Amino acid sequence: MAVAALDDARRRIASASSEAALVAAAASAHDAVQKVVDARVGAAAVAAAWSAVARAALTTAARLVDPRGGWYASGSIGRGDALPGSDLETLVVHSPDVTSESALAQAVHVHELLGCCGFRADDNGAVASRVRFNRTAQEWAVGIGGWAADPSADRGVVMIGLLADALPLGTWPDLRDQAGIAVRAQPPSLAAMLQDATFARAHIPSRLRALTSGDVRVDIKHAAVDPVVRIARWAALSCGSDTLPTADRIAAAAGTRYLDPDDARVLAKCHAIGSSIRWRARAARWDPASSDGHVDEHVELSDLPPQDRTALRSIGRELAGVRRKLDYLASTSTFSTW
């Protein structure tokens, strides 16, 4: 199986005993991506394998540089949804007897090492080398309480989302569980999460729009994949599920008051097809020589096969329908525990 090469690289990464060994092992992981591309492995299998590789790299880098820090992988890597080239979002719980300056310096070193390994830090700055994402357990608890109570302040919705995806890489406090309990106790928090999830950040141009305006570029992640991720995260938080992968979150919430079975099927299909198209587009442009693995998520519709263009437009229509329905239900008593 083609992902075996990624599994082998992950084991090398996990056993690395020095920074140089980690960098070498990570290089073998990036080399293995080309084998996965050539074998046309499906997006779901690639995402599971690559997320494990990235988490192993973060775990080993933290072990070598910051063994006292409680590190968490968040975002797509924490959820297990990451594809090669995805950036890395991190959080840290540091000991009260470690100064903030020292904890941040350690985190900077960890991310510099990961950068040498080809794992790019989050483009939006959600990384443990910033004080917002590097706190003591008590400071995280205070922050969680504040964000849940007033999600419109201090980027509360963003922080709750990051915590909901945070996977501890060791026996550290369960920030995800703390965040879930806090938001379920605060009706405005879940309402704000849903409002954020149904806000359209990108669109998939219709045939008519493409012909009349020349608007033929699409951001596959933000138009077809991220909306499902956000809705699934909200649904999982609402129904109390602690699962992480997007597909599992949809399954856990299906049939609850938050997500009826038909909408769950639509979302699962959109996520599977959108992720597959995204992976094919990324694989076609994969550059093993790239120093940071950065991949532009924007593609020209004309560069995609006709069936993918048709599928993306279908996803756009179906997601718009689910958004409208959830917005309407939020205005009724359907989600009445909050």
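How many bridges join strand β1 to strand β2, and how do the two strands run? I looked this up first and found five bridges between β1 (residues 70-74) and β2 (residues 89-93), which run antiparallel.

**Entry 1: basis of the model**

I note that the model is predicted, so that local features need pLDDT of at least 70 and side-chain atom pairs count only at pLDDT 80 or more, while totals for chains, interfaces and linings use all residues. Residues are numbered from 1 along each chain as its sequence is written, and side-chain values use heavy atoms, with hydrogens and water left out. For the elements I used DSSP runs numbered from the N terminus: helices are H or I runs of at least four residues, and strands are E runs of at least two.

**Entry 2: the sheet**

I recorded an open sheet of four strands in the order β3-β2-β1-β4, with mixed pairing. Its edge strands are β3 (134-135) and β4 (167-168), each of which pairs on one side only. Two strands count as paired if DSSP finds at least two bridges between them.

For β1 and β2 I listed individual partners. Trp71 has Val92 as its bridge partner in β2, Ala73 has Thr90, and Ser74 has Glu89.

I then followed the pairing outwards. β2 is joined to β3 by two bridges, and these strands run parallel; here Val93 stands opposite Arg135 of β3. On the other side, two bridges join β1 to β4, and this pair runs antiparallel. Tyr72 has Pro168 as its bridge partner in β4.

**Entry 3: burial of β1 and β2**

Which residues cover the two faces of β1? I found Gly70, Tyr72 and Ser74 on one side and Trp71 and Ala73 on the other, all of them buried (under 20% relative accessible area; over 50% is exposed, and partly exposed lies in between, with a 1.4 Å probe and protein chains only). Because five of the five residues of β1 are buried, this strand is largely enclosed by the rest of the structure.

I made the corresponding check on β2, which is mostly covered, with five of its five residues buried. Glu89, Leu91 and Val93 lie on one side of β2 and Thr90 and Val92 on the other, and both faces are covered.

**Entry 4: helix pairs**

I examined α1 (4-15) against α3 (residues 43-65), whose axes come within 8 Å and cross at roughly 10 degrees. The axes are lines fitted to C-alpha atoms, for helices over the stretch in contact, and the angles run from 0 to 180 degrees between N-to-C directions. This crossing makes α1 roughly parallel to α3 (angles under 35 degrees; over 145 is roughly antiparallel, 65 to 115 roughly perpendicular, and the rest oblique). On the α1 side, Leu6, Asp7, Arg10, Ile13, Ala14 and Ser15 meet residues of α3 that include Ala49, Trp50 and Val53. Contact here means heavy atoms within 4.5 Å.

My second pair was α11 (residues 220-239) and α12 (residues 246-253), which pack at about 45 degrees with their axes 8 Å apart. That angle makes α11 oblique to α12. The residues in contact include Val228, Ala232 and Cys239 of α11, together with Thr246, Ile250 and Ala253 of α12.

**Entry 5: three single residues**

Is Val3 buried or exposed? I found Val3 buried, with a relative accessible area of 7%, in the segment before α1. Val3 touches Val36, Val41, Ala45 and Ala49, not counting residues up to four places away in sequence. Between the C-alpha atoms of Val3 and Ala48, 45 residues apart along the chain, the separation is 9.6 Å.

Ser275 lies in α13 (residues 261-284) and counts as buried at 15% relative accessibility. The side chain of Ser275 reaches the backbone oxygen of His271 at 2.7 Å. With residues up to four places away in sequence left out, Ser275 touches Ala43, Leu83, Val225 and Cys270.

I placed Thr99 in the loop between β2 and α5 (100-116). Thr99 is partly exposed, with a relative accessible area of 46%. Its side chain reaches the backbone nitrogen of Ser102 at 3.1 Å. Thr99 and His109 are ten residues apart in sequence and 16 Å apart in space, C-alpha to C-alpha.

Key: A polar contact is a pair of N or O atoms within 3.5 Å; within protein, one must be able to donate a hydrogen and the other to accept it, and residues adjacent in sequence count only if both atoms are side-chain atoms.
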